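Student: I'd like to understand helix packing in one part of this model. Could you pick a spot and take me through it slowly, residue by residue?

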Amino acid sequence: MLDLARLRALHAVSVHGSVAGAAAALGYTPSAVSQQITKLERETRTTLLERRGRGVALTEEALHLAATAQQLLAIVERAETTLEERRGLPTGRLSIGAFASAARGLLPGVLAELDREHPALEVRMTEVDPHLSVDLVAKGVIDLAVAHDWDIAPLPAPEGVAQAVIGDDRCDLLVPVGHRLAGRDAVRREELAKERWICQPPGTVCHDWLVRTLRAAGYEPDIRHQAEENHTQLALLAAGLGVAIVAGRGRAGLAAHAAGLVAAAVYGDRISRRIARTPADR
C-alpha cells in the first residue's frame, strides 16, 4: 500500500517545482522530502525524479502518480473534515496563504484568537502573492488564501474554489513633500502621465493593476524602482525617487517616513482594492 505521507511529498514537489519548495511548503527539511521520495521510488519500483541541471524534474510516471495523489489527499481531507464536524471541535492542520500586508495587518490577531479558542487546530500561514495563493488553493496545497484584486485587474476564482469578500482597502497616491501634486485632494489619471513610479515587480497583482490602469489612460508608466516590501517602497518615496499607489494596509510603515510623504486621493473617486478569502470548495 502506498504511504500517504510520501505521496504528499511527491505532490508538493510537483506543485512547487523543486524539493526545496516542497520542503518549505510542508514544513520539512529538503533532505526529509528527498528521503520520502526515495522510499516512494522503492515502494513503486519506479524512477520518480530525474536530474535536470542543478534541479530535478518529475518523470511521466511521477506526474501521473502526483495527479492521483492530489485526488487521494482531497478525499482524506474531506473525511477528516467530516469527522471534525461531527466532533464539533476543529482539529488538524489549516494552511493559509496571505499577501504581505494582510499577513502583517489582518491575520496576527485572527491567528492568535484561533490558537486560544481551538488549541487542537494547527494553523500555518505563509506570505504569498495572490497570483500564486489562489492557484495553490485550487491545487490543494493550501486550504485558504487571503487575496486581493483591483477594479481593472480582477482575480477570478478557479474552478473548485469558493470566494467570499472580506472588505475593501482604500488606496492613495503617495508623493514626497514638495511634489507638484502634494496637498491635492484629488488627482486625475491624466496628471500622472509623466511621473516616475515605484511599484511591486512584474507578475504581482499590484504591478499588473498599475500598468493596466495607466495604459488605459493612454500612456506607458515609467517604472523606475521595483520593490516587494512596502517599507522599501516608502523609503524610496521619502527619498523623492518617485510616486506610488499604496493601499491602506500597505502604509504600516508610513509613520517612519511621515515627514517626507503626502497622501492624495486618486482620480477624484477614491480607488480601493478588494480583499477576499478563497477557501477550497470541498
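Tutor: Happy to! Let's start with a term: a crossing of two helices is called left-handed if the near helix is turned anticlockwise from the far one by less than a right angle, and right-handed if it is turned clockwise. Keep in mind that this is a predicted model. Two packed helices are described by the angle between their axes and the distance between the axes.

Let's begin with H1 and H2. Their axes lie 8 Å apart and make an angle of about 115°, and H1 passes H2 in a right-handed crossing. On the H1 side, the residues involved are Arg8, Ala9, Ala12, Val13 and His16, and they meet Val19, Gly21, Ala22, Ala25 and Leu26 of H2. Sorted by class, this contact has 7 nonpolar, 2 polar and 1 charged residues.

Now bring in H3, which spans residues 30–44, and follow it against H1, residues 4–16: the two axes come within 9 Å and cross at roughly 115°. Angles of 65 to 115 degrees count as roughly perpendicular, and H1 and H3 are therefore roughly perpendicular to each other. The crossing of H1 and H3 is left-handed. H1 contributes Ala5, Arg6, Leu7, Ala9, Leu10 and Val13 to this contact, while H3 contributes Val33, Gln36, Ile37, Lys39, Leu40 and Glu43. Of these residues, 8 are nonpolar, 1 is polar and 3 are charged. Ala9 and Val13 are worth finding on your screen, since each appears in the contact of H1 with H3 and in that of H1 with H2.

The third pairing is H2 with H3. H2 covers residues 19–26, and its axis is 8 Å from that of H3, at an angle of about 105°. H2 and H3 are therefore roughly perpendicular to each other as well. Here Val19, Ala20, Ala22 and Ala23 of H2 meet Pro30, Val33 and Ser34 of H3. This contact holds 6 nonpolar residues, 1 polar residue and no charged ones.

To tie the three pairings together, look for the residues that turn up twice. From H2, Val19 and Ala22 take part in the contact with H1 and in the contact with H3. From H3, Val33 takes part in the contact with H1 and in the contact with H2. If you colour these residues along with Ala9 and Val13 of H1, you can trace how the three helices are joined by contacts in pairs.

How values were computed: Residues numbered from 1 in each chain as written. Predicted model: local features only at pLDDT ≥ 70, side-chain atom pairs only at ≥ 80, totals over all residues. Heavy atoms only, no water. Axes fitted to C-alpha atoms, helices over the stretch in contact; angles between N-to-C directions. Helix = DSSP H or I, 4+ residues; strand = E, 2+ residues; numbered from the N terminus. Parallel < 35°, antiparallel > 145°, perpendicular 65-115°, else oblique. Contact = heavy atoms within 4.5 Å. Nonpolar A, V, L, I, M, F, W, Y, C, P; charged D, E, K, R; others polar.
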